[in-house]
Amino acid sequence: MLFSRIRTFKNLTTTLKPLQNNRFYKFSNAEASKNAKFDRNAHFEDPVNEWVDPSKRWLLGGWLLLCAGGVYFMVLLGGYTRLTHSGLSMTKWKPIEYAYPRNQADWEKEFDYYKQFPEYQHTPIDLEKFKKIFIVEYLHRVSGSTLGALYVLPLAAFTAMKWIKPQYAKRLGTIGGLGLLQGLIGWWMVKSGLDRPKPEYQQKPRVSTYRLTVHLSMALSLYSLLIWNAATLFKKPQHLQITPENYKTHLKFRGLGIGLIHLVAINLLTGAAMAGIDAGKVFNTWPTMNGQIVPANLFKASPFYKNFFENVVMVQFNHRNAAYLTYTFGSYITYLAYKSNLPKQARYMCYALYGVLNYQLLTGIVALLNQVQVHSGSIHQFNALNVLTASLLLCHSVRRPSVPYRNYLKQFV
């Protein structure tokens, strides 16, 4: 009996021992975590090394930045094309080759073809005026084809030489596909201005404001993707920027940056709607709209959604107030950055953002008071891209670190 009880006690002890060890192990880990010290020199692999050849990252980043600059130029040239009413001067679409008129006979032939379409029939112009607007649109299209070659050919070469690894090549290939789609969207937009009859909301033949908005949105998306990927290749990995002391602030500004990007996007889209129906030609007073804070006829169009694209009153009201909201939010971010322990890079980006926001507000007021003349309108559009760029770089500077580094930081935060 006694031996039986001793045997039972030994069995119970054997059963409980793993549980005791496990309990002690957990307690030891908790203590170790509590007493651990953050090692600034701890090694963490740069995620970019899994995407590209590390020795070529600066060259690849420069190529992507060059392509982003090309898109930047294209957007500015597209805005100038819209302001000078040059977009409908080329009435045929030849994406590979469109011969530039070389002599008087070629110009007259091109001009005769232009005369068959609604823009000329609504507002006749002479041959000299036609030459000026044709050159602008021709440059816009040739720039697009050149930019496509500048992106696709090096991408194929870099992939073949294994400077770009398959995972990253797929991402960059998708961007190239979107660029091809953008060319198709561009012609789809131009074609809307060549059709008859013109939409009721436009005083004279123009491209569809809806298609213009889609075209601009795609261009800005391409620009943003290129800038983001170029910055990733150029800038240091986040584990060299973030410490336990600034991690929570970093996460907070990441959320603020994402919110800011959305506000900037709304501004750009409402700006496209402004350009689409020449809404900057009315209510040329500031800070009120012809003496009113909230003007009449905000909802005169039917169905309701048309007010956001076809009603000049609502379109300008939306653009003004989106600008005020973005400026206020950007100012708030700058104030928080001044008082916080953000890494220097992110703080300086906040200051740069605040500078371009102030200039954008000023150029918008000047353009409005001058009924969006070509010069003032072009400056406003140019700086809008600078605001987008500063917002993107701010978000990039507070992007998430790699998963291993996030897990490492959590034990110290």
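**Exercise 1. Leaving aside neighbours within four places in sequence, find which residues are in contact with Leu 220, then place Leu 220 in the fold.**

*Solution.* Start with the contacts: beyond its neighbours within four places in sequence, Leu 220 touches Val 75, Leu 268, Leu 385 and Leu 388. Keep in mind as you click through them that this is a predicted model.

Next, find its element: Leu 220 sits in helix α7. Then check its exposure. The cut-off for buried is under 20% relative accessible area; Leu 220 has 8% relative accessibility, so it counts as buried.

Finally, look at one partner along the chain. Leu 220 and Leu 268 are 48 residues apart in sequence, while their C-alpha atoms are 9.0 Å apart in space.

**Exercise 2. Turn to Leu 385: is it buried or exposed, and which residues does it contact beyond its neighbours within four places in sequence?**

*Solution.* Leu 385 belongs to helix α12. Its relative accessible area is 2%, so Leu 385 is buried.

Again leaving out neighbours within four places in sequence, the contacts of Leu 385 are Tyr 72, Val 75, Leu 76 and Leu 220. Val 75 also appears in the list for Leu 220.

For a second distance, try Cys 350. It is 35 residues from Leu 385 along the chain, and the two C-alpha atoms are separated by 16 Å.

**Exercise 3. Work out how α7 and α8 cross, and name residues that meet there.**

*Solution.* Two numbers describe a pair of packed helices: the angle between the axes and the distance between them. For α7 and α8, the axes come within 9 Å and cross at roughly 140 degrees. That angle makes α7 oblique to α8. The handedness of this crossing is right-handed.

Now the residues. On the α7 side they include Thr 209, Leu 212, Leu 216 and Leu 220; on the α8 side, Leu 268, Leu 269, Ala 272 and Gly 276 are among them.

**Exercise 4. Follow the chain of packed helices onward: what are the angles for α8 with α10 and for α10 with α11?**

*Solution.* Take α8 and α10: their axes are 9 Å apart, at an angle of about 160 degrees. Angles over 145 degrees count as roughly antiparallel, so α8 and α10 are roughly antiparallel to each other. Their crossing is left-handed.

Move on to α10 and α11, whose axes come within 9 Å and cross at roughly 155 degrees. This makes α10 roughly antiparallel to α11, and here too the crossing is left-handed. Among the residues that meet are Tyr 324, Tyr 327, Ile 333 and Ala 337 from α10, and Cys 350, Tyr 354, Leu 357 and Leu 361 from α11.

**Exercise 5. Describe the largest nonpolar core and explain why it lies between the two domains.**

*Solution.* First, the core: it holds 56 residues, and those with the most contacts inside it are Trp 63, Leu 64, Tyr 151, Ile 164, Leu 172 and Phe 253. Helices that each supply at least two of its residues include α2 (57-83), α5 (127-160), α8 (247-276) and α12 (374-397). Domain 1 (46-234) and domain 2 (238-412) both contribute residues, so this core lies between them.

Then zoom in on Phe 253. Apart from neighbours within four places in sequence, its contacts include Ile 333, Leu 336, Ala 337, Cys 350 and Val 398. A second, separate core has 11 residues, including Met 90, Phe 111, Tyr 114 and Tyr 120.

Last, the domains: their C-alpha centres lie 24 Å apart. Their contact takes 26 residues from domain 1 and 29 residues from domain 2.

Definitions and conventions:
Residues are numbered from 1 along each chain as its sequence is written. This is a predicted model: local features need pLDDT of at least 70, side-chain atom pairs count only at pLDDT 80 or more; totals for chains, interfaces and linings use all residues. Side-chain values use heavy atoms; hydrogens and water are left out. A nonpolar core is a set of buried Ala, Val, Leu, Ile, Met, Phe, Trp, Tyr and Cys residues joined through side-chain atoms within 4.5 Å. Buried means under 20% relative accessible area, exposed over 50%, partly exposed in between (1.4 Å probe, protein chains only). Helices (H or I, at least four residues) and strands (E, at least two) are DSSP runs, numbered from the N terminus. Domain bounds come from an automatic or database domain assignment. Contact means heavy atoms within 4.5 Å. Axes are lines fitted to C-alpha atoms, for helices over the stretch in contact, and angles run from 0 to 180 degrees between N-to-C directions. Angles under 35 degrees count as roughly parallel, over 145 as roughly antiparallel, 65 to 115 as roughly perpendicular and the rest as oblique. A crossing is left-handed if the near helix is turned anticlockwise from the far one by less than a right angle, and right-handed if clockwise.
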